[in-house]
Amino acid sequence: MKIIESKNYLKMSHTACQILAEQIGQNPKIKLGLATGSTPIGLYNRLIHLNKKKEISFQKVTTFNLDEYVGLPATHPNSYHYFMRENFFQHIDINEANTHIPNGMAYDLEKECIRYQQVIETAGGMDIQVLGLGENGHIGFNEPGTSFSEETHIISLEKSTREANARFFDNIDQVPKKAITVGINTIMQSKQVILLISGETKAEAYNRLVNGGITETFPASILQKHKNCIVLVDQETTFQITN
Ligand SMILES: N[C@@H]1[C@@H](O)[C@H](O)[C@@H](COP(=O)(O)O)O[C@@H]1O
């Protein structure tokens, strides 16, 4: 893992944007794996800015989102379909048909996982996978204990994850108990991984990522084995460890 420490969230987002923009420039048909959560919003804002200035184009780009809650329709403000449209897709020149997100409303969820996995594989996998980090070490919605060999699958969300994400809902009871997530095996096959970590609440997880062993009880630890993984972290996170 290559670690790049930025002074603050804005600078971290800027660095992430530079990496992505350069690669989109070199490969206009790039396949991007995208994440939700608060952390990548700054990156999306920067990319929108460059797209509006016509410095980059998403016309030929294909995207695959990592995950979606089970039981939330795309119109639900807390669904990841909604999140992606509001925070990114509707502001850029991407072809909607090239954006993929698992369908958490599918009647047969197992079949949906197989379908989604096939779409990713038919496209040849991700060129770059953008990731955030859960406080418990989850990536996508791969919770602690998930096998490293998993592909797209259904996951029961941990109480701590539901509590952390409850801030977006009226109360914790409204946070879905299950989600569909791209698995760790698929994430690891991405040619490059960019992991974004910001804020003091991630300090412990960051410490474990960098200094802990590789274990399924801390899913992000597998990234230590990825050949091209860049960790972008801000000083709000690292400050907690060095001080
Ligand atoms: N499924 C998402 C993850 O993909 C994300 O990385 C994580 C961290 O979110 P945040 O960036 O808001 O801390 O939250 C959710 O659980």
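**View 1. The shell around the ligand in this predicted model.** The shell mixes four nonpolar residues, nine polar ones and one charged one. Which residues come nearest to the ligand? Of the 14 around it, they are Ala35, Gly37, Ser38, Thr39 and Gly132.

**View 2. The span of helix 4, residues 109-122.** Helix 4 has 14 residues. At 1.5 Å a residue, helix 4 should span 20 Å. The C-alpha atoms at its ends are 20 Å apart, so the expected span and the model agree. After helix 4 comes glycine 124. The phi of glycine 124 is positive, near 90 degrees.

**View 3. The two sides of helix 4.** Which residues of helix 4 are buried? They include Glu112, Cys113, Tyr116 and Ile120. These residues cover an arc of only 105 degrees around the axis, so they sit on the same side of helix 4. On the other side, Glu110, Lys111, Gln118 and Thr122 are exposed.

**View 4. The cover over helix 4.** What covers the buried residues of helix 4? Three strands are part of the cover: strand 3 (62-65), strand 7 (153-156) and strand 8 (178-181). Helix 6 (184-189) is also included.

**View 5. The fold around these details.** The protein has eight helices and 10 strands. Its C-alpha trace spans about 45 × 40 × 35 Å along the principal axes. A compact globule of 243 residues would have a radius of gyration near 18 Å; the protein has 17 Å, so the two agree. Of the 243 residues, 43% count as buried. Take the contacts between residues at least 6 apart in sequence: 79% of them join residues at least 24 apart.

Methods. Residues are numbered from 1 along each chain as its sequence is written. This is a predicted model: local features need pLDDT of at least 70, side-chain atom pairs count only at pLDDT 80 or more; totals for chains, interfaces and linings use all residues. A residue is near a molecule or strand if its C-beta atom, placed from the backbone, lies within 6 Å of it. Ala, Val, Leu, Ile, Met, Phe, Trp, Tyr, Cys and Pro count as nonpolar, Asp, Glu, Lys and Arg as charged, and the others, Gly among them, as polar. Helices (H or I, at least four residues) and strands (E, at least two) are DSSP runs, numbered from the N terminus. The expected span of a helix is 1.5 Å times one less than its number of residues. A residue is buried if 20 or more other C-beta atoms lie within 10 Å of its own, exposed if 12 or fewer, and partly exposed in between; C-beta atoms are placed from the backbone. The arc is that of the directions from the helix axis to the C-beta atoms. Two residues are in contact if their C-beta atoms, placed from the backbone, lie within 7 Å. The radius of gyration is taken over C-alpha atoms; the globule rule is 2.2 Å times the number of residues to the power 0.38.
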